[in-house]
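The following exercises concern the protein chain and the ligand shown below. Each task is followed by a solution in steps.

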Amino acid sequence: MAEVAAPPVPAEPRIRRAPLLPTWIAKAVMAVTGLVFTSFVVVHMVGNLKVFSGAAYFDGYAAWLRTLLEPLVPPEGVLWALRVVLVVSLVAHVWCSVLLVRRSRASAGPHRRRTGLTASSFGARSMLLTGVVMLLFVVFHVLDMTTGTAPVATDSYESGSAYANLVASFSRPWVAAFYGVTMLLLAVHIAHGVRTAAGDLGVTGIKGRAVAAVVGGVAAVAVLVGNATIPLAVQAGWLS
Ligand code: HEM
């Protein structure tokens, strides 16, 4: 007797689970952590400019940062608190950016439309590139100026001699050029990032968006000009 084929079993409907982290929360996390970093970078730039007041003043400033709020908190207590905030912000910022890029690519599908290059699309597309460069920069920078780790730091690195370490580092033309180029990329990242962050945090309307664009632009130019002047001044021989 011929066997009767079993009727096909209907495929189980695929259940789409809600993402662990909703997109709006990931965007808000990126906005807040990005603003934390922007604030740090602006304050850090103002501190860096103290290098123009001489070695004693700059080294005194670096030492003062380590004694903030003493004796209420132990030596370097405030500095360590700041380091924790920065590392947590950085990890959250990078993690959410990877998550959002993946989601946006998945939702656009394989045949996504590619528009021409406009000023704002340049900023948006460059966020990933400038972000990755900034990540590499921070690693390089901490090895160079904070931990004094060879071969990134110079052979003359000495803990506690912030001024001499900075001048020795920027006396290497390739390092000065690297810092200059990175500050330009950082400015692009900040200008676009502050505008996007404002939107993601609910700033709407022509006036609100214009204010965000101006704040982002001013912060970007200040960080670029303030910071890039320092390696330039070392290369020009104004700081030695
Ligand atoms: C030309 C620009 C810059 C100069 C001259 C500069 C200078 C310095 C110096 C001298 C230190 C060591 C301070 C000390 O040990 O007392 C330092 C630390 C640091 N800088 Fe910069 N910096 C620049 C740009 C930046 C930028 C753009 C960022 C972030 C994107 C950054 C993030 C940091 C961090 C995270 C530390 C480590 C703080 C610590 O853990 O002690 N810096 N910088």
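**Exercise 1. Classify the residues of the shell around the ligand and state where they come from.**

Solution. By class, the shell holds 15 nonpolar, five polar and one charged residues. Here Ala, Val, Leu, Ile, Met, Phe, Trp, Tyr, Cys and Pro count as nonpolar, Asp, Glu, Lys and Arg as charged, and the others, Gly among them, as polar. The model is a predicted one, in which local features need pLDDT of at least 70 and side-chain atom pairs count only at pLDDT 80 or more, whereas totals for chains, interfaces and linings use all residues. Residues are numbered from 1 along each chain as its sequence is written.

Next, consider proximity: among the 21 residues around the ligand, N48, A62, M145, N227 and I230 come nearest. A residue is near a molecule if its C-beta atom, placed from the backbone, lies within 6 Å of it.

Finally, assign the shell to helices, which are DSSP runs of H or I with at least four residues, numbered from the N terminus (strands are E runs of at least two). At least two shell residues come from each of α1 (23-48), α2 (55-65), α3 (77-108), α4 (119-146), α5 (162-170), α6 (173-200) and α7 (205-236). The most are given by α4, with six residues.

**Exercise 2. Describe the secondary structure of the chain and its burial.**

Solution. The protein chain has seven helices and zero strands. Of its 240 residues, 21% are buried; that is, 20 or more other C-beta atoms lie within 10 Å of the residue's own, with C-beta atoms placed from the backbone.

**Exercise 3. Identify the central members of the largest nonpolar core.**

Solution. A nonpolar core is a set of buried Ala, Val, Leu, Ile, Met, Phe, Trp, Tyr and Cys residues joined through C-beta atoms within 7 Å. Among the 33 residues of the largest one, M183, A187, I190, A220 and V223 touch the most other members. Helices α1, α5, α6 and α7 each supply at least two residues of this core, and α6 gives the most, with 10 residues.

Take A187 as an example: beyond its neighbours within four places in sequence, A187 is in contact (C-beta atoms, placed from the backbone, within 7 Å) with A220, V221, V223 and L224.

**Exercise 4. Which residues of α2 and α5 meet?**

Solution. A55, F58, D59 and A62 of α2 meet A162, Y163 and A164 of α5. This contact has six nonpolar, no polar and one charged residues.

Conventions
Buried ≥ 20, exposed ≤ 12 C-beta atoms within 10 Å, placed from the backbone. Contact = placed C-beta atoms within 7 Å.
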